[in-house]
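Thank you all for coming. I would like to walk through one model this morning, beginning with the backbone and then moving to packing.

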Amino acid sequence: MSDVISKKSDEGVLTLTLNRPTKMNALTREMYGALATGLNEAAGDFSIRAVIITSEGDHFTAGNDIKDFMENPPTNDDSEVAKFLGSILNFPKPLLAAVKGNAVGVGTTMLLHCDVVLASPTANFSMPFTSLGLVPEAGSSYLFPALVGYQRAARIFLTGESFSATDAKEMGLVTTIATDVLEQAQLVASQIAAQPPQAVINTKALLKASKHDAVEAVMKAEFQLFSMALQSEEAMMAFMNFMSKKGK
Ligand code: COA
């Protein structure tokens, strides 16, 4: 079974499910590639009206696979992670996320690009980039303070502390908290899929227009710093610390 499962409903809703639950759905290069391909194909397929990103198991994702970070650091624009980030930035159709359990690193930053995020009461969000010797990515150094205010964003980024589903709802990062989070996301996606598709695409384009170029520029700058940081002593020590705790 693939680590990203792609399934289309009769109503035209594509669900991309992270399927590596034994590793808390930590994202490998192949998984970023599969997500990017899924989104790009959905963008070009008229029959697909909306996409939901969700997960198998109790957690959304533990973020980038740390072993992959060490063995194959994504340092250029051709990397699978860069392709994935480009595809969520430019995805023209409604993108929903159904989040439960841990959403670490890119598991939280990707949500800043989604149009509707639903969370289970178990959801726990964190962006521990500084703790790992890294810097924020996916445009989050711009999008997160814009959403929650500078000081709150700075505190979360600089301490690496996590926040709950209730906090995320109050921040406006998620719209709904529900135990049956995927079912609720499917309901919203079906409502969207029933709308006139071109009006939906145009509406999303208008909603995103004012920030798109700024986010793209920030993502480029973040990527450069992130690539350098990945090869720093601070990051190497943090990664080795994680790997040794896990007895790898
Ligand atoms: N990369 C690779 N493997 C990971 C992973 C990651 N980011 N996160 C979790 N895993 C693996 C663990 O190695 C473990 O596998 P194992 O049973 O074969 O050893 C499994 O997933 C379960 O994780 P575990 O750490 O045992 O769960 P926990 O409940 O004790 O801790 C976390 C949960 C999220 C706090 C912890 O896994 C963690 O800190 N992960 C790293 C998160 C991170 O820094 N991501 C990068 C962000 S940029």
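Is Met24 buried, partly exposed or exposed? This is a predicted model, so please take what follows in that light. Met24 has a relative accessibility of 30%, and because buried means under 20% and exposed over 50%, Met24 counts as partly exposed. Met24 sits in the loop that runs between β2 (13–18) and α1 (29–44), and its phi is near 50°, a positive value in a residue other than glycine.

Ala138 also has a positive phi, of about 60°, although Ala138 is not a glycine. Ala138 belongs to the loop between β7 (124–126) and α5 (140–148), and at 2% relative accessibility Ala138 counts as buried.

Turning to the interior, the largest nonpolar core has 64 residues, of which Phe84, Leu111, Phe125, Leu134 and Phe144 touch the most other members. If we leave aside neighbours within four places in sequence, Phe84 is in contact with Tyr32, Leu35, Ala36, Leu39, Val106 and Met110. There is also a second, separate core of 13 residues, with Ile52, Val116, Val181 and Ala185 among them.

Lastly, the helix packing. Helix α3 (residues 80–90) and helix α9 (residues 197–230) pack at an angle of about 165°, their axes being 11 Å apart, which means that α3 is roughly antiparallel to α9. The crossing of α3 past α9 is right-handed. On the α3 side the contact is made by Val81, Ala82, Leu85, Leu89 and Asn90, and on the α9 side by His212, Val215, Glu216, Met219 and Phe223; by class, this contact has 7 nonpolar, 2 polar and 1 charged residues.

Technical notes. Residues numbered from 1 in each chain as written. Predicted model: local features only at pLDDT ≥ 70, side-chain atom pairs only at ≥ 80, totals over all residues. Heavy atoms only, no water. Core = buried A, V, L, I, M, F, W, Y, C linked by side-chain atoms within 4.5 Å. Buried < 20%, exposed > 50% of the residue type's maximum accessible area, 1.4 Å probe, protein only. Contact = heavy atoms within 4.5 Å. Axes fitted to C-alpha atoms, helices over the stretch in contact; angles between N-to-C directions. Helix = DSSP H or I, 4+ residues; strand = E, 2+ residues; numbered from the N terminus. Parallel < 35°, antiparallel > 145°, perpendicular 65-115°, else oblique. Left-handed = near helix turned anticlockwise from the far one by under 90°. Nonpolar A, V, L, I, M, F, W, Y, C, P; charged D, E, K, R; others polar.
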